[in-house]
Amino acid sequence: MDAKLVAVVKRDCPTCNLVVPVLRELRAAQPTLTIYTQDDPSFPEALSPIDDSSLEQSYRLSIQIVPTLVRIEDGRETARTFGWDRTEWERVAGVAGLGANLPESRPGCGSKTEDPGVAERLAIKYGGFTFRSREVLIDDAADPIEACFDRGWSDGLPVVPPTPERVYAMLKGTKRSPHEVVGKIPPDYGECTVEKAAINAVLAGCKPEYFPVVLAAIEAALAPDFGLHGVLCTTNFIGPVVMVNGPIARAIGMNSGVNALGQGNRANATIGRALQLIVRNVGGGRPGEIDRATLGNPGKYTFCFAEDEEGSQWESFAVEKGFSTNASTVTLFVGDGAAPIVDEISRTPESLARSYAACLRAAHHPKKVIDVAAFLVVTPEHAHVFQQAGWSKQRLKSELERLLQIPVSELVRGAGGIDAGILPSDAPDPNGTIPKFRTGSLNIVRAGGGAGKFSAYISGLGSITINPVTREVRP
Amino acid sequence: MHDIRDLEDLGVVAVAIASSEFRQAAAAQNRSLGYDPAVIFVPHPIQDRTDDEMRALADTALESILQSLSTNLADGGTR
Amino acid sequence: MKTELVMLDPTSELSPAERSRRERPSSIEGMTVGLLDISKRRGDVFLDRIEERLHERGFSVRRYRKPRFSILAPPELKQQIRNECDLVIEALAD
């Protein structure tokens with residue numbers, strides 16, 4: 001049997017120094033013993049170590065702790081031990097009586113391959129992984145953050161320079177192949193691979209564990225029903241809003257509570273931002289070019305939150321759409337900001353529903369109907385009012401639908417002294433009513449902190465070509 | 001070169017004049033910026049030239065400078 | 001040994017990695033030209049002559065000067081140039 005031993009050590013490790021006599025004993029017993037040193041090629045003295053400061057051999061041997069002793073027979077590893085343990089070393093080496101003067105055992109130290117950032121660098125260099133994206137080189141003396149601004153990759157805020165190591169780490173956040181095409185992003189219909197999405201997720205500041213959510217958001221945005229091209233090429237305010245349901249929200253630390261629609265949470269902030277950067281960088285959707293929004297809204301930097309599912313007696317949005325409570329989903333809808341509904345007095349569901357209706361009536365304009373959609377975000381204190389009275393979500397929706405049947409007489413041009421409005425000829429029945437919202441385009445979700453009798457609605461275009469889309473998150 | 005980039009961002013068509021010694025440095029700066037601004041090179045050296053020599057350099061460079069600012073083929077524009 | 005930082009391109013790569021220059025006008029006749037002196041020696045003589053030749057050709061010329069060549073042009077100076085000129089010639093780097 002053709003057996004050989006390989007040891008990996010570093011000078012900067014007390015246990016590696018401790019076992020030097022053992023390595024001498026092994027070399028005497030097995031002249032083919034190979035010793036790789038991770039830091040100082042002169043260590044251990046007089047044992048002809050091989051310089052592995054590049055860490056290539058350590059990478060290929062998957063060294064995590066030093067010293068490590070590996071037994072290789074017929075080209076295959078058959079045994080390994082790490083740290084110092086006399087019984088173990090004797091077993092792996094097949095040699096008895098090692099290190100007579102040494103203690104029984106001593107733990108090892110971290111391999112240099114475990115130093116921060118090193119694993120990605122080695123995997124890229126020696127792991128045979130190649131990126132397909134173009135490399136952009138800048139001088140070491142240049143400021144990489146400025147370089148990203150200079151190249152137009154930013155949404156106005158600094159982005160994280162997308163080095164190969166960072167992108168590699170991001171790609172580890174998913175099981176999907178980097179070369180898989182997620183879809184083509186309007187308006188340029190640039191091809192977005194998992195790798196391109198990862199580069200933009202790095203720009204946005206995402207952690208690898210957020211990446212599956214980002215990918216699901218892209219898929220949802222590209223669904224024909226969402227109408228992304230129309231969302232981008234408009235003078236309207238809207239931008240995509242990303243809402244997450246299911247276990248993944250908690251797993252990655254998203255915020256569904258206090259300040260849920262605001263700043264301060266990395267997952268909320270960066271997942272929404274990644275989608276926007278992909279639209280900008282891969283799709284070519286930029287303000288002043290295809291994006292002609294007159295005003296836009298701050299949510300176009302990022303608008304992403306998790307629905308609050310804890311302690312809610314109402315089913316979540318995802319469950320309403322037919323997903324199981326264990327499913328993790330991303331829902332994309334369009335939004336132009338968060339409009340406050342302040343009612344600190346109502347204690348009955350009837351009264352609170354009327355408050356909601358009064359505020360929703362004004363979404364976009366009191367005389368705007370049908371073309372408006374909204375997500376009503378009910379916060380816990382308000383939700384309590386409905387739940388105390390036994391109102392289901394559907395009951396609230398039906399009540400709002402009833403309250404938001406608007407008399408045509410109030411909607412026509414000239415009504416209220418306002419020229420805007422509908423043409424009388426467009427009303428099926430001039431003495432009748434028209435619903436504020438097309439059926440299905442008023443949705444109700446829950447989010448927000450436990451204190452505060454404020455809810456909000458996120459309005460958006462209610463076009464038949466622009467609809468909320470939900471996609472499951474895949475690992 | 002940063003100035004040229006900034007001025008063009010502001011909407012002014014810009015060209016820089018540099019001595020031929022500056023070619024390498026200009027190339028390095030351009031790589032940093034990801035940008036290739038218009039530069040007209042005049043022969044080195046500069047510092048020890050007489051006033052008459054400097055004026056001659058300006059006369060010689062004038063056509064190239066104007067070409068770099070316009071697309072008009074009558075001006076010999078290149079872009 | 002000069003080292004470089006590698007970044008991966010986040011775009012669809014439909015256009016070159018390098019930004020292009022500002023589009024040139026088809027005619028520069030009658031435009032106002034700014035001459036920006038970076039304050040290296042001899043540059044003023046060069047620009048004086050350029051100014052003379054531009055006047056001969058019917059251009060309006062305005063003169064500007066950076067405090068010193070080792071810094072970026074101050075933002076107010078760039079704004080002023082933008083407000084007063086169509087074209088700018090910056091000289092002379094050596």
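**Reading a three-chain model, one strand outward**

Mentor: Start with one pair. Val15(B) stands opposite Ile89(C), which lies in S4(C). Keep in mind that this is a predicted model.

Trainee: Which residue stands opposite Val88(C) in S4(C)?

Mentor: That is Ala14(B). To call two strands paired, look for at least two bridges between them. Here, strand S1 of chain B, residues 13-19, is joined to S4(C) by 5 bridges.

Trainee: Do S1 of chain B and S4(C) run parallel or antiparallel?

Mentor: Parallel. Now look along chain C itself. Strand S2 of chain C, residues 32-37, is also joined to S4(C) by 5 bridges, and this pair runs parallel too.

Trainee: What is the bridge partner of Asp37(C) in S4(C)?

Mentor: Ala91(C) is the partner. So S4(C) has bridges to a strand of chain B and to a strand of chain C. Add one general idea. In a regular strand, side chains alternate between the two faces of the sheet.

Trainee: How many residues of S4(C) are buried?

Mentor: Count neighbours first. A residue is buried if 20 or more other C-beta atoms lie within 10 Å of its own. By that count, 7 of the 7 residues of S4(C) are buried, and the strand is mostly covered.

Trainee: On to the interface. How many residues of chain C are in contact with chain B?

Mentor: A general remark comes first. Interface size is often given as the accessible area lost when the parts come together. Here we count residues instead. On chain C, 32 residues are in contact with 41 residues of chain B. Helix H1 (43-56), helix H2 (75-84) and strand S4 (87-93) of chain C each give two or more residues to that side. S4(C) has the largest share, with 7 residues.

Trainee: Which classes of residue make up the side of chain C that touches chain B?

Mentor: It has 16 nonpolar, 2 polar and 14 charged residues.

Trainee: And how many residues of chain A are in contact with chain B?

Mentor: 7 residues of chain A are in contact with 6 residues of chain B. On the chain A side, strand S10 (135-139) and helix H6 (144-150) each supply at least two residues. S10(A) gives the most, 3 residues. By class, this side has 4 nonpolar, no polar and 3 charged residues.

Trainee: How do the elements of chain B run from the N terminus on?

Mentor: Read them in order: α-β-α-β-α. That is 3 helices and 2 strands. Of the 79 residues of chain B, 41% count as buried. In helix H1 of chain B, residues 2-10, the buried ones are Asp3(B), Ile4(B), Arg5(B), Leu7(B) and Glu8(B). Just after this helix, check the backbone angle. Gly11(B) takes a positive phi of about 110 degrees.

Trainee: Why is helix H8 of chain A called largely enclosed?

Mentor: Use the burial count again. In H8(A), residues 194-204, 11 of the 11 residues are buried, so the rest of the structure largely encloses this helix. Among the buried residues are Val194(A), Lys196(A) and Leu203(A).

Trainee: What covers the buried residues of H8(A)?

Mentor: The cover includes helices H7 (164-171), H9 (211-222) and H12 (266-281) of chain A, and strands S11 (181-185) and S12 (190-193) of chain A. Strand S1 (4-8) of chain C is also part of the cover. After H8(A) comes Gly205(A), with a positive phi near 100 degrees.

Trainee: Which residues have the most contacts inside the largest nonpolar core?

Mentor: That core has 103 residues, and the leaders are Val213(A), Val214(A), Ala217(A), Val242(A) and Ala374(A). H9(A) provides the largest share, 9 residues. A second, separate core has 42 residues, including Ala14(B), Ile38(C), Val45(C) and Leu54(C). You met Ala14(B) earlier, opposite Val88(C).

Trainee: What does Ala374(A) touch?

Mentor: Skip residues up to four places away in sequence. The list then includes Leu360(A), Phe437(A), Leu442(A) and Tyr457(A).

Trainee: How is chain A divided into domains?

Mentor: Domain 1 is 3-115, and domain 2 is 149-472. Their centres, taken over C-alpha atoms, are 57 Å apart.

Trainee: Last topic, confidence. What ipTM does the predictor give the complex?

Mentor: The ipTM is 0.88, and the pTM is 0.80. For chain C, the pLDDT averages 91, and 96% of the residues score at least 70.

Methods
Residues are numbered from 1 along each chain as its sequence is written. Chains are lettered from A and ligands numbered from 1 in the order in which they are written. This is a predicted model: local features need pLDDT of at least 70, side-chain atom pairs count only at pLDDT 80 or more; totals for chains, interfaces and linings use all residues. Two residues are in contact if their C-beta atoms, placed from the backbone, lie within 7 Å. Helices (H or I, at least four residues) and strands (E, at least two) are DSSP runs, numbered from the N terminus. Ala, Val, Leu, Ile, Met, Phe, Trp, Tyr, Cys and Pro count as nonpolar, Asp, Glu, Lys and Arg as charged, and the others, Gly among them, as polar. A residue is buried if 20 or more other C-beta atoms lie within 10 Å of its own, exposed if 12 or fewer, and partly exposed in between; C-beta atoms are placed from the backbone. Domain bounds come from an automatic or database domain assignment. pLDDT is the predictor's confidence in each residue, from 0 to 100. A nonpolar core is a set of buried Ala, Val, Leu, Ile, Met, Phe, Trp, Tyr and Cys residues joined through C-beta atoms within 7 Å.
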